[in-house]
Every structure is written in structure tokens, then in C-alpha cells.
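This report describes a metal site and two pockets in one protein. Please look at the sequence and the model before reading on.

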Amino acid sequence: MMGPSHALSGAAVWLGGSWALEYFANYHQTPLELAVGTAVCAGGALLPDLDLSGRVTAGKGGATVANTFGRVSLFVAEVVEKFSLTVYNLTKMKRDPDRHNGHRTLTHTLPFALGMGALTTWACGAGGKWAVIGILFLMLGLAVRGLLHTWAERAGWIPVTIVSAGAGYATYLYLPAGRGYPLLGIAVGVGCIVHLLGDVITSAGVPILWPVPTGRRLWRMIGAPETFAIAAGGKVETVVLRSAFFIICLAAAFGLAGPTILEQFDIRI
Ligand SMILES: [Zn+2]
């Protein structure tokens with residue numbers, strides 16, 4: 001799937017999950033917690049594609065995530081791709097094919113998703129104020145790039161950077177440390193997992209079983225069979241799936257905020 005669909009699927013899963021928690025487990029979140037969790041999960045759903053490198057000097061290519069902060073993020077993508085390829089080459093087993101590119105390897109595994117979530121929570125706790133602001137800035141930047149992709153692409157990386165820095169700082173001022181910081185880690189981890197599921201329905205697949213070896217392969221790509229697979233950027237993805245994710249977002253947001261709004265206007269149904 002492409003970046004904007006990944007981001008929207010992350011938002012849909014977070015909002016839908018929050019609605020389910022509210023109604024079935026009575027777990028209440030403030031509007032700010034909901035908004036931040038949704039944005040961070042949408043941003044996290046772009047992270048795994050940081051292994052798709054472009055051309056740093058030309059400032060072109062790469063996935064949505066690699067273009068968020070201009071050449072800086074393109075450079076990071078270059079490093080992540082090469083590092084992933086190195087890990088692949090060092091760990092591959094007899095039946096794993098030769099690769100010349102690290103895309104859809106290390107960052108497309110469950111340990112990566114869990115690791116990113118744990119790292120985020122740890123950094124927020126141990127790194128203090130500037131670590132939290134930095135993480136919010138990065139994740140909100142990805143969310144803006146993914147969810148508002150038409151605007152972000154037209155505007156370029158400078159306005160995206162300014163908007164996410166402002167939003168990151170403002171969020172830090174109001175987000176409670178006790179519940180807000182673990183929430184950030186969970187949102188990043190869930191976002192990465194949602195990304196993997198989005199790639200599993202394509203025919204290329206992802207090494208979702210890693211690091212469990214199967215039939216002398218450590219990096220077995222698990223994907224949908226050709227007949228059912230979603231073509232990246234095709235109509236099913238850009239129209240059907242994106243509309244479905246959007247409707248889930250709207251329905252969950254209404255389910256979460258609706259009762260409070262009705263109450264405020266003293267409407268009973
Ligand atoms: Zn991917």
C-alpha cells in the first residue's frame with residue numbers, strides 16, 4: 001500500500017480501537033489523548049517504509065515517510081535501507097534469495113514494531129522534556145505528511161516541519177506524563193503493526209514470521225495470493241480501502257464524541 005493509505009489505516013485502527021475500549025472496557029480518553037494517539041498511530045503506520053531509499057542528492061524518490069523532512073529524512077531512509085540489507089545478508093539462510101535492496105526486510109517485522117513502541121515509551125520516560133517534544137514533532141510530522149498528503153506534497157517539507165514542530169510543542173504542554181507517554185509508545189507500535197497488515201494483503205508480502213525460520217528460510221515473505229492481492233496504488237486501494245478507513249474514522253469519532261456533544265446541547269435520544 002502507499003503512504004496515505006497506511007496513515008489512514010493507522011488512524012482508523014486507533015479510533016476504532018479507542019471506541020471499542022470506551023464501550024466495552026469503559027476506558028475513557030480525553031479528546032487530546034484521542035487526537036494525539038490517532039495522529040501518532042497514523043504516523044507510526046508510515047515508519048516501516050523508512051527502508052525505501054530514494055536519491056538523497058536529488059531530493060527525490062523514497063516512500064512518503066522519507067520525504068517528510070526533505071533531504072534529512074531521505075538520508076535516514078538511505079541509512080535504514082543499507083542497514084536492513086546488511087542485517088538480511090548476515091542472517092539469511094540457505095533458501096533465502098539474494099537481495100540488493102533492504103526494502104521490506106528488518107523494518108517490516110513484528111520485533112521491529114514492538115521495538116519501536118518500547119523505544120518510544122522508554123525515550124519519553126528517560127529522555128525528559130526535549131525527548132518527548134522531539135518524538136511528538138517527528139510523529140506528528142509523519143501524520144501530517146500521510147494524512148494531509150495532497151497539501152503536504154504541494155507545500156513541501158518546510159511548512160510540514162514548521163507545523164509539526166508547533167503542534168509537537170503545544171501537545172507536550174497539555175499531555176499528561178503519566179498516561180500520555182505510554183500511550184505514545186503503544187500508538188507507535190500499533191501503527192507499525194497496522195502497516196505490516198497493510199503490506200500482507202499485497203502480493204509481495206512481508207517477513208511477518210521473522211525471526212522464526214521455516215523451511216531453511218528466515219526471511220519468508222508472507223503475502224496474499226495473486227488473485228486476492230491488492231495492487232499498490234490501484235483503484236481498490238485508493239478508492240475502496242481509503243473510503244472504508246475514512247468511514248471507520250468518522251463513525252468511531254462520532255461514537256466517541258457524539259454523546260458528549262448531544263449532552264452539551266441537552267439533546268436526549
Ligand atoms: Zn511497507
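Why is the arrangement of the four donor atoms around the zinc ion irregular? The donor atoms subtend angles of 89 to 172°, which makes the arrangement irregular. Four donors would count as tetrahedral if all angles lay between 85 and 135 degrees, and as square planar if opposite donors were over 155 degrees apart and all others between 65 and 115.

## Basis of the report

The model is predicted: local features need pLDDT of at least 70, side-chain atom pairs count only at pLDDT 80 or more, and totals for chains, interfaces and linings use all residues. Residues are numbered from 1 along each chain as its sequence is written, and side-chain values use heavy atoms, with hydrogens and water left out.

## The zinc site

The zinc ion has as its protein donors (N, O and S atoms within 2.8 Å of the metal, or 3.2 Å for Na, K and Ca) Asp 49 through OD, His 108 through NE2, His 195 through NE2 and Asp 199 through OD. These atoms lie 2.1 to 2.2 Å from the ion. Water is not among the atoms, so sites may look incomplete. Along the chain, the donors follow the spacing D-x58-H-x86-H-x3-D.

His 195 and Asp 199 both belong to helix H7 (residues 177-200), and because they are four residues apart, about one helical turn separates them. Helices are DSSP runs of H or I with at least four residues, numbered from the N terminus. His 195 is buried (under 20% relative accessible area), as its relative accessibility is 0%. Asp 199 is also buried, with a relative accessible area of 1%.

## The largest pocket

A pocket is an open set of points on a 1 Å grid over the protein atoms alone, where a 1.4 Å probe fits, with protein on both sides within 12 Å along at least five of seven lines; lining residues have an atom within 4 Å of a point. The largest pocket has a volume (the space filled by probe spheres set on the points) of about 450 Å³.

Its lining has 22 residues, and Leu 47, Leu 50, Met 116, Leu 138 and Met 139 lie nearest the centre. Helix H3 (70-91) and helix H4 (110-147) each supply at least two lining residues, and H4 gives the most, with nine.

## The second largest pocket

The second largest pocket holds about 250 Å³ of space. It is lined by 13 residues, of which His 28, Leu 34, Leu 256, Ala 257 and Thr 260 are closest to its centre. Helix H8 (235-264) is among the elements that give two or more residues to this lining, and H8 contributes the largest share, six residues.

Methods. Four donors count as tetrahedral if all angles lie between 85 and 135 degrees; four count as square planar and six as octahedral if opposite donors are over 155 degrees apart and all others between 65 and 115; anything else is irregular. Buried means under 20% relative accessible area, exposed over 50%, partly exposed in between (1.4 Å probe, protein chains only).
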